[in-house]
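Subject: Structure handover

Hello,

Please find the structure below. My notes on it follow.

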Amino acid sequence: MIFLLRRFVVLLCTLASVSFLVFLIPYLTPGDPARKILQARTGELNLDPSAVEAARVRYGLDKPVIEQYWNWGQNALHGDLGLSYTSRTQVSDLVGSALAVTTSLAVAALFIALVAALPLGSLAAIRRGKASDIAITTVTQGFVALPEYWVAPMLVLVFALKLGILPSAGWTGPASMILPAVTLSLRPLSYFTQVTRASMVDVLESPHLTAARSRGLSFAQAMLRHGLRNGLLPVVTLFSIWLAGLLGGSVVIEVIFAVPGMGRLLYQAVTDGDVPVIQAGIVCIVALTVLITTLTDLLYALINPTVRSSNVSR
Amino acid sequence: MTDTLTISGLTVELGPPGSPPILDRVSLTVGPGEIVALVGESGSGKSMTAMSLMRLLPPGARMRADAISLGDIDVLHASEHEMNHIRGARISMLFQQPKRMLDPTATVGAQVAEPLRLCLGLSRSQAHARVIELLADVGIAEPERRAHSYAHQLSGGIAQRVMIAMALAGQPDVLIADEPTTALDVTVEVQILQLIAAKRAKLGMSALFVSHDLGVVSSVADRIAVMYAGRIVEEGTTREILHSPQHPYTKALVKCAMLKPEADGSLYTILGDANAARAVSHGCRFRARCLVCTAEHLEQKCESEEPELAGCGRAEHSSRCWATIETRKAR
Ligand SMILES: Nc1ncnc2c1ncn2[C@@H]1O[C@H](COP(=O)(O)OP(=O)(O)OP(=O)(O)O)[C@@H](O)[C@H]1O
Ligand code: SF4
Ligand SMILES: [Mg+2]
């Protein structure tokens, strides 16, 4: 319980401090925020000073920063993230839908990566030094070097244009997720495989596995019952790091496959100086990241009793 | 009574082909109900011998032997599947570092129950009852509570008791104990040795007791085999080995075990490096550290030819040393 409570306090503190920093972004960059907003919306460089002052009042930019943050934070807690400067739509709608798209894409990609990496990494570990190990290691390490702007068109060329079995772009349903998810999965797949391999090598050499076998357990039984759980610990951590990392979206993939995700949204918002979208986008990503890390720590403690030793021993 | 465990001509190689063998033609028998100790300094190959018997050598190890058998079971040629029925049921093993031998992520109870369920086919509740019984049987207080502990919550002594409970669960014929008390406190060591001795007697098991400590071994073993650089160099009853060691290496070991200070007050140590001895391609492996050789003017023999493990004229006592062989001839 104390463990949970502590994690919860950390979560709140992180959110509060990060959201404040994010809120300060427009004030930390050079230039007058009110003027920048108007420029972004009108496209005009020579603005009437009275129009700028009017905008300053309209957007509440004349109030002290702390007060602005307080108002913004209160609204945000009620799900009101304000209006986009450029499109005058609800920021919560924009960020919400983009985040949903990006999250499902990220989860799909990491799922693919995991499903491939666990058996590949384990096989490489078991057949350490043999041809299959070298093949798996070399190929998956090669994935890291493949740029997405090369892989994506190649996949489109083969599966959409040549074979015609998958849509080439858009966000229209599960089938349209496959190609971007596969593209996105290659690099995590490579890292997951390496980490699985390394951790399984350790597991295979761990004395308790030998001891389990000395009691008559077969290799498979010993592995399943005493190897995998230990071997998966580092992969769990890496998975959460990648999940958090992918929440920002990938501009390259989202542009090539016309996916309406966070990458494109934030890129556009930065180009347009759409401050509310940037702020909300970053705060949401950070909130999710902290949440994921917390959940991972809980999962880790669940798998690994030594982490929660102080709570367990009676 | 149980069956005889026989090892003959066991050779184990590791690493690139042509590198000196880890074990070189090791032969050993453990009779029914007998306790045989395998003694030698660190790196001599004691654990390798034990793991060969379990057929659990590290990957890449190449094992050859004329025979490894337990009664009419051919351990050497048994399939992996057959081995799964031999391990734990006919041959069990205790290890040097009991805490590292337990899965850190599983409870003690779950691990003790596992072979009962998987290998003996007990139901969940039967297995649980048996676990508590087994834990209580090896002197663990509050077995119900201990069953829910994890390895990192146990002391080394308790962990070894758990290992003993697991090793005995299948009522094996032979217990291989690989330095089961080396990692423990001296007080705990005595308790564990007594526990093993009591259990062995009760179940009528025979035992191969691996140790680098002649002192420990002398209190439990019927016979002692001394290993040096992957070779058995002397073998005999505990009494014979302790009171009239023949091989210069055994003599040195006995001297070390007695811990009698030399005339100048220093403790006796065996000079030289045992691991280099493995690479010796001809002659006696102990040559580089042997003082007897020069004293007896045997340099030429000891350099050129490795002596056989030969009887030294006393019952069930043999030694691999030219000095012993020459003395016997001279008589
Ligand atoms: N996994 C391994 N890979 C390579 N060499 C090994 C391995 N395990 C042991 N050896 C080598 O095999 C030799 C015999 O080792 P073994 O563990 O049998 O010695 P030991 O007599 O049990 O020593 P100790 O008292 O330290 O346990 C040593 O020289 C060691 O260097
Ligand atoms: S054979 Fe020679 S070198 Fe070897 S132990 Fe005997 S006397 Fe020493
Ligand atoms: Mg050893």
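Let me start with one residue of chain A. A:N230 sits in helix α10 of chain A, which covers residues 219-246. This is a predicted model, so please read everything here as computed from it.

Is A:N230 buried or exposed? Its relative accessibility is 15%. The cut-off for buried is under 20%, so A:N230 counts as buried. Which residues does A:N230 touch, once its neighbours within four places in sequence are left aside? Two are in chain A: A:V203 and A:H208. The others are in chain B: B:D103, B:P104 and B:T105.

That brings us to the interface. Here 28 residues of chain B are in contact with 24 residues of chain A. The two chains bury about 2400 Å² between them. Of that area, 58% is on carbon and sulfur atoms. On the chain B side, three residues lose the most area to chain A: B:T105, B:E114 and B:L118. Together they make up 23% of what that side buries. B:T105 is already familiar as a contact of A:N230.

B:E114 turns up again among the charged pairs. Between chain B and chain A there are 2 salt bridges. One of them joins A:R225 to B:E114. Their closest N and O atoms are 3.1 Å apart. Polar contacts cross the interface too, with 7 residue pairs found where both residues are at pLDDT 80 or more.

Which elements of chain B give two or more residues to the side that touches chain A? They are α1 (46-54), α2 (80-86), β7 (91-94), α3 (108-118) and α6 (156-169). Among these, α3(B) gives the most, with 4 residues. By type, the residues on this side of chain B divide into 15 nonpolar, 7 polar and 6 charged.

Now to the ligand. How many residues surround ligand 1? There are 15. The closest are B:S42, B:G43, B:K46, B:S47 and B:M48. Three distances to oxygen atoms of ligand 1 are worth having to hand:

- B:S42: a polar side-chain atom lies 2.5 Å from a ligand oxygen.
- B:G43: a backbone N or O atom lies 2.8 Å from a ligand oxygen.
- B:E179: a polar side-chain atom lies 3.0 Å from a ligand oxygen.

To look around, begin at A:N230 in helix α10. Then go to the salt bridge between A:R225 and B:E114. Finish at ligand 1, with B:S42 and B:G43 among its closest residues.

Best wishes

Technical notes. Residues numbered from 1 in each chain as written. Chains lettered and ligands numbered in written order. Predicted model: local features only at pLDDT ≥ 70, side-chain atom pairs only at ≥ 80, totals over all residues. Heavy atoms only, no water. Contact = heavy atoms within 4.5 Å. Buried area = accessible area lost by both parts, 1.4 Å probe. Salt bridge = Lys/Arg side-chain N within 4 Å of Asp/Glu carboxyl O. Polar contact = N/O pair within 3.5 Å; in protein donor to acceptor, adjacent residues only side chain to side chain. Nonpolar A, V, L, I, M, F, W, Y, C, P; charged D, E, K, R; others polar. Buried < 20%, exposed > 50% of the residue type's maximum accessible area, 1.4 Å probe, protein only. Near = heavy atom within 4 Å.
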